[in-house]
Amino acid sequence: MSADSTPLQSSAVINEAVQTLRDGGLVAFPTETVYGLGADAKNPEAINKIFSAKGRPSNHPLIVHLAAPDKFDQTQVDWVPVLAPWVRDLSEDALKLVNTFWPGPLTLVFKKDKSVLNELTGGQDTVAIRAPAHPMAQELLRRFKSGVVAPSANRFGRVSPTSAADVRNEFEGTLDLMVLDGGDCALGIESTIIDMSSGNKAILLRPGVITPSEILAKTGVQVYQVGQTVSAHDDTNLASALPRVSGSLKAHYAPNTPLRLYAPGRVLDALSEFPDTKSRVAVAVWDSESSLGEDGHPSVHFEEVEVPSDSAGFASLLYRSLRDLDQQGWDLMLFPEPPAGEEWDGVRDRLQRACFGSGPSSSSHASN
Ligand code: TXA
Ligand code: MG
């Protein structure tokens with residue numbers, strides 16, 4: 001669906017959403033990554049509503065979402081006027097990234113313009129910005145004519161929503177929320193975040209579908225990993241200069257059901273942590289490949305759930321699978337360890353944090 005073919009019947013609904021934002025309300029909306037919980041980026045009270053709705057600490061900064069310039073044909077686009085009210089020090093490298101990947105699943109962190117509210121940056125002097133590619137998000141932003149802050153539309157620390165129904169379930173009974181329904185999110189994990197605010201170094205803060213190799217190949221910009229040595233003459237540990245990223249907390253994206261990973265073909269080993277369980281265990285397996293073996297496990301009832309074996313397919317269904325399985329009342333969920341390779345970094349990151357925070361008692365150490 002292109003921006004121009006947003007269904008007519010949703011036009012009035014989008015206008016209502018714009019009015020809700022202008023009135024200081026919250027609107028959940030689809031993006032190509034996950035659903036966002038949006039508020040007017042210029043309204044401190046509206047921003048505070050996001051933090052209380054999510055139960056998120058107010059010093060965790062939010063991403064500002066912006067509309068693409070009118071004609072987003074790559075050859076004609078000028079993003080500078082779009083960014084100018086929000087950022088200072090727009091480097092050449094940052095502009096290359098913007099021109100190549102926006103609108104799309106890439107968030108960039110810049111030094112902020114002084115007009116950007118401290119409420120949204122958690123008091124930091126940087127601001128995270130992205131232009132989402134989803135046509136309904138773009139339509140909303142275009143009509144709103146200003147920035148919309150939007151974290152993932154989930155309670156702090158829990159699994160991010162990839163459908164309108166997920167958002168409704170997440171806040172049911174706790175929040176009267178307008179939810180724009182743009183179908184299932186195509187990519188399924190949150191945007192790649194790159195910090196462009198520290199001089200000329202591009203630093204990966206959160207892996208996503210857009211990888212450092214793709215960025216290097218398409219723009220020539222080298223993206224550094226946290227802790228990576230920048231050059232033989234500069235062994236600064238980049239982590240010390242990093243701003244806060246709640247998605248980087250160890251426990252995150254967490255289901256209520258305990259979640260563990262298993263090495264290829266080693267499902268039974270993964271159960272050794274749960275020796276006494278008379279359990280019902282859901283085992284995610286790569287397409288049609290059984291990992292359980294003939295004998296199974298004497299005290300455990302297994303059921304297999306197929307998951308795609310390519311990184312993009314797996315990412316698109318990861319949160320969907322975690323949410324669905326979480327609601328089915330399993331005692332344990334086992335997921336295959338993602339293989340080595342940069343294209344798997346995004347899902348590996350989410351799965352590891354989801355494992356760490358999973359289980360009914362996780363709320364005390366979960367985040368975002
Ligand atoms: O795909 C996405 O990015 C989704 C959709 C809705 O756009 N949004 C999203 O927002 O994932 P959220 O709030 O769940 O995660 C944003 C992350 C947080 O970990 C936050 O700490 C980090 O971005 N962040 C925001 N502003 C930052 C800044 N100035 N410096 C460093 N990190 C920042
Ligand atoms: Mg989030």
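Colleague: Which residues does Leu108 touch, not counting those up to four places away in sequence?
Modeller: The model is a predicted one. Leucine 108 is among the residues with the most contacts inside the largest nonpolar core. Beyond four places in sequence, its contacts are Ala94, Leu97, Val98, Ile129, Ile194 and Met196.

Colleague: Where does the largest nonpolar core lie with respect to domain 1 and domain 2?
Modeller: This core has 91 residues, and helix α10 (residues 311-327) gives the largest share, six residues. Residues come from both domain 1 (3-247) and domain 2 (259-364), so the core lies between them.

Colleague: What is the largest C-alpha distance among the UniProt "binding site" positions?
Modeller: The unreviewed UniProt entry places this feature at Thr33, His65, Arg130, Ala150 and Ser191. These positions spread over 159 residues of sequence but cluster in space, with a largest C-alpha distance of 12.8 Å.

Colleague: Is His65 buried or exposed?
Modeller: Histidine 65 lies in strand β3 (residues 63-65). Its contacts beyond four places in sequence include Arg130 and Ala150, which the UniProt record also lists under "binding site". A residue counts as buried when 20 or more other C-beta atoms lie within 10 Å. Histidine 65 has 26, so it is buried.

Colleague: Which residues of the UniProt "binding site" feature does Ser191 touch, leaving out those up to four places away in sequence?
Modeller: Serine 191 sits in the loop between β8 (178-179) and β9 (192-195) and is buried, with 25 other C-beta atoms within 10 Å. Its contacts include Pro105, Leu106, Thr107 and Gly208. Those that the UniProt record also places in the feature are Thr33 and Arg130.

Note on methods: Residues numbered from 1 in each chain as written. Chains lettered and ligands numbered in written order. Predicted model: local features only at pLDDT ≥ 70, side-chain atom pairs only at ≥ 80, totals over all residues. Core = buried A, V, L, I, M, F, W, Y, C linked by C-beta atoms within 7 Å. Buried ≥ 20, exposed ≤ 12 C-beta atoms within 10 Å, placed from the backbone. Helix = DSSP H or I, 4+ residues; strand = E, 2+ residues; numbered from the N terminus. Domains from an automatic or database assignment. Contact = placed C-beta atoms within 7 Å. UniProt positions renumbered as here; feature names shortened; annotations may be inferred.
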